[in-house]
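Hi everyone, thanks for coming. Let's take a look at the structure together, and I'll walk you through a few places in it.

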Amino acid sequence: MTLSTLVAEEQEVLEHYLRAFGALERNGAARDGSWVAALRRSAMARFSRLGFPTARRGNEEWKYTDIRPIARRPFQLPLPPGSPAVGAAELAAFALGPTGGSRLVFVDGRYQEQLSSRPSLPGVSVLSLAEALTSGADTVQEHLGRYADCDTHAFTALNTAFLHDGAFVHIPQGTTLDKPVHLLFLSTAHAQDTATHPRVLIVAGEGARATVVETYGGPSGADYFTNAVAEVVVGPGADLTYYKEQRQGERAFHVTTTQVVVGREATFSSFNLDLGGALARNNLNVAMDDERGACALRGLYLMGGAQHVDNQVIIEHARPYTTSRELYKGVLNGRSRAVFHGSIIVHKGARKVDAEQVDKNLLLSDEAEADTKPAFWIYCDDVKCRHGAACGQMDENALFYLRSRGLTEPAARRLLTRAFVSELVEGIASETLRDRVDGLVEARLSSWLGDDEAVG
Amino acid sequence: MLEIRNLHASVGEVEILKGIDLQVKPGEVHAIMGPNGSGKSTLAYVLAGKPGYVVTAGEVTFLGKDLLPMKPEDRARAGLFLSFQHPLEIPGVRLDQFLRAGINGIRKSRGLEELDVLKFDRHLVKKVQLLEMDQGLVRRSVNEGFSGGERKRNEVLQMAVLEPTLAILDEPDSGLDIDAVQEAAKGINQQRGPENATILITHYQRILNYVVPDVVHVLINGRIVRSGGKELALEVEAQGYEELQEAEATLRSSG
């Protein structure tokens, strides 16, 4: 194929999205307020000007991740799923278990009331976004689309143009949620390649405390594309914990953008687990917008085969006395590839900022590859910023040490790999989530390194 | 129990062991003394099966079996134990966790019932008490943040837990003060019995006051140049390795 036919192909896909957008508008599906329609229209206009970021030359943000497989395929908006939308077994594979907390289930981007459970929580809103838009909650209008940037980010613009359903979680001032809110986004197989654009808005009011878990999953045999955007507002003194699990099918494309605003003396803790997908890209942008806010961002990715994962984390320290801690670790098998691109920006006058960024990769195969790219833009003298990166194979001496005590080589490898990730797993405060992540990690490592003998 | 015949071994292109002959019988303690770089640790690693240590000639039988083709874990399962000169720090791997996996691997290979967590803990606690060590140690990551002395004691504990038939102790005394040497020796002696044997590798005679050997060998430049009773250790200590090294050089040029 010549360059011009390739470009023509991308142009055709853009036009495909424009046509799909036009059809949605004509259907009059939008019963929600005109402000949403305006938001969508301007996002579509923006997307059609931006196009997908396929040009990699001079494009630092997308340098290591080729998204042409997404840009050249006219993904369709899926038809509403049948009933039941997914089977009990599929649901059970992703459900959080009997936590007693709220659960919203989305199948192919649409909220499924009969699969969800919403215990009554005084003052707290856990709604589908479609519901929230129809009922016209003021908090939604106040925040939706305000933080995630459509102007320069094509995927965010595309998501906003097709913004339709998703989740709205509002924990009002002074409220503590003991049980996690689980948002479960499942895709199903279709005759055509489909795309969903889930949208999440989480608002934690002043002094509120809550844990939100987002899970993405889908069938292993299907080509589908999930393009999710979450906006997270952590009010003054609030404490929000946000777990995101990406367990998509092995042929899936997964792009998420999470835009977080951390208020005065507020704490935001995130954990990003990547296990699935053919190509996954997570943009996590955290704005430390007021004094003494803190964030702790953790990530774990276990990739095999020809999987590709790209974590792009940008922290903006806009105000003094804000702190950030980043710890991402990856285990790479097969021909997989991981990218970690961590930027820390300290604004002028943001004194006493304390930032630390660490990314470590363990390569289980000679063909796996990891690229770590830290970037610091510091416009203030009185700050502490550190970063560390490591990438290497398993320590042969440690392996021999364990084998000399009677462990088989696969058992020793598994134990050392688990040890490498244990810091992240052990660091999960919630026992339910810690056990869940531990189980997922163990299953993946067993599939790679055998389970001839139990360890530990 | 262990029979080494004309053992030659190389690391990379360099030949380190140049024909070792050694016979160890049940109940015996053999001390191998030698200066730095004489091949003491190489001998230990070759016997334990460390990858990268290539045997170029000779043979080794352990309990009647050909040792050299065996994987490191199979050697451990056959009853061989190596106490490392520089025990590794393994963050994230708990001592009790990995020792239980080790002992169960060994037991399984012998058709013995595997130990569950409770039974293993009881066994472990017994050994920790026997060696008068801190109980909290076993729940910590292997050697993480340990001093040199603590690491060495930890090796002795691992030996006590795994109860090997043949223990190869690579400088269990190096870097230890006299009190710590005595403690290490006590642990080693507790492990001795009529059915098992010990090869104690050391640079200094000092520890042999406490772990009294049946046979002492002097290893220089990849060869055992002298063997004798426990008094040989004192002789080596008195005259130093230099003279023996010269004698070995003369031997080589004439031979």
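Let me start with a cut-off: a residue is buried if 20 or more other C-beta atoms lie within 10 Å of its own, and exposed if 12 or fewer do, with partly exposed in between. Please also keep in mind that this is a predicted model.

Now, to chain B. Find the loop between β8 (141-142) and α5 (148-162), and you will see Asn143(B) there. Its phi is positive, about 60°, although Asn143(B) is not a glycine. Is Asn143(B) buried or exposed? Asn143(B) has 23 C-beta neighbours inside 10 Å, so it counts as buried.

Over in chain A there is another residue to visit. Tyr321(A) sits in the loop that links β15 (308-317) and β16 (323-332). Tyr321(A) is not a glycine either, and yet it has a positive phi of about 60°. Here the neighbour count is 18 inside 10 Å, and therefore Tyr321(A) counts as partly exposed.

Next, the place where the chains meet. How many residues does each chain bring to the contact? Chain A gives 23 residues and chain B gives 24. On the side of chain B that touches chain A, at least two residues come from each of α2 (72-78), β7 (90-94), α3 (95-109) and α5. The largest share belongs to α3(B), with eight residues. And what is that side of chain B made of, by class? There are 16 nonpolar residues, along with five polar and three charged ones.

That's my tour, thanks for listening!

Conventions:
Residues numbered from 1 in each chain as written. Chains lettered and ligands numbered in written order. Predicted model: local features only at pLDDT ≥ 70, side-chain atom pairs only at ≥ 80, totals over all residues. Helix = DSSP H or I, 4+ residues; strand = E, 2+ residues; numbered from the N terminus. Contact = placed C-beta atoms within 7 Å. Nonpolar A, V, L, I, M, F, W, Y, C, P; charged D, E, K, R; others polar.
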